[in-house]
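Student: I am new to this structure and would like to be guided through it step by step. Could we begin with the charged side chains?

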Amino acid sequence: MLWPMFAMAALTFTVATAMFRRRIREIRARRIPLRELATSRGRSMLEDVVAADNYANLLEMPVLFYALCLVVAASGTASALSVGLAWAYVALRALHSAIHLGSNHVFRRFQAFAASCVVLVACWLEAAYHLLQ
């Protein structure tokens with residue numbers, strides 16, 4: 001269960017890197033003084049917010065995934081199903097990020113997000129089942 005957790009963290013770091021690159025490129029291109037970006041109000045002047053939105057999204061629902069991975073690892077209840085579901089969750093979140101940072105087709109992005117939520121619920125139900133045994 002720890003490897004899917006590391007993969008999820010790697011995805012988050014990858015999106016953070018994309019966000020930094022996009023922000024630096026926009027700041028340079030538009031010659032925005034850094035002091036203007038010191039507050040959230042100032043950052044609202046940035047036009048390219050897609051990567052930042054995706055990065056923020058990776059710090060929301062995945063928190064439950066990280067907690068789940070640690071619970072399963074600490075309890076020693078990992079099964080082939082729980083590990084498979086964890087990898088499915090990471091794959092769906094990677095697909096969501098790829099859509100978000102790429103075409104940003106909202107319905108396709110929503111489908112990937114919704115599927116990842118269903119898988120995450122299944123992960124928690126499977127973990128609860130094993131803990132009750």
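Student: Is Arg30 buried, partly exposed or exposed?

Tutor: This is a predicted model, in which local features need pLDDT of at least 70, side-chain atom pairs count only at pLDDT 80 or more, and totals for chains, interfaces and linings use all residues. Residues are numbered from 1 along each chain as its sequence is written, and side-chain values use heavy atoms, with hydrogens and water left out. Buried means under 20% relative accessible area and exposed over 50%, with partly exposed in between (1.4 Å probe, protein chains only). Since Arg30 has a relative accessible area of 35%, Arg30 is partly exposed.

Student: Which residue forms a salt bridge with Arg30 at 2.6 Å?

Tutor: A salt bridge is a side-chain nitrogen of Lys or Arg within 4 Å of a carboxyl oxygen of Asp or Glu. The partner lies four residues from Arg30 in helix H1, so about one helical turn separates the two; helices here are DSSP runs (H or I, at least four residues), numbered from the N terminus. With its closest N and O atoms 2.6 Å apart from those of Arg30, the partner is Glu26.

Student: Which residues are joined into one network by salt bridges that share partners?

Tutor: Glu47 also forms a salt bridge with Arg30, the closest N and O atoms being 3.9 Å apart. This pair links distant parts of the chain, 17 residues apart, with Glu47 in the loop between helix H2 (40–43) and H3 and Arg30 in helix H1. Through shared partners, the network consists of Glu26, Arg30 and Glu47.
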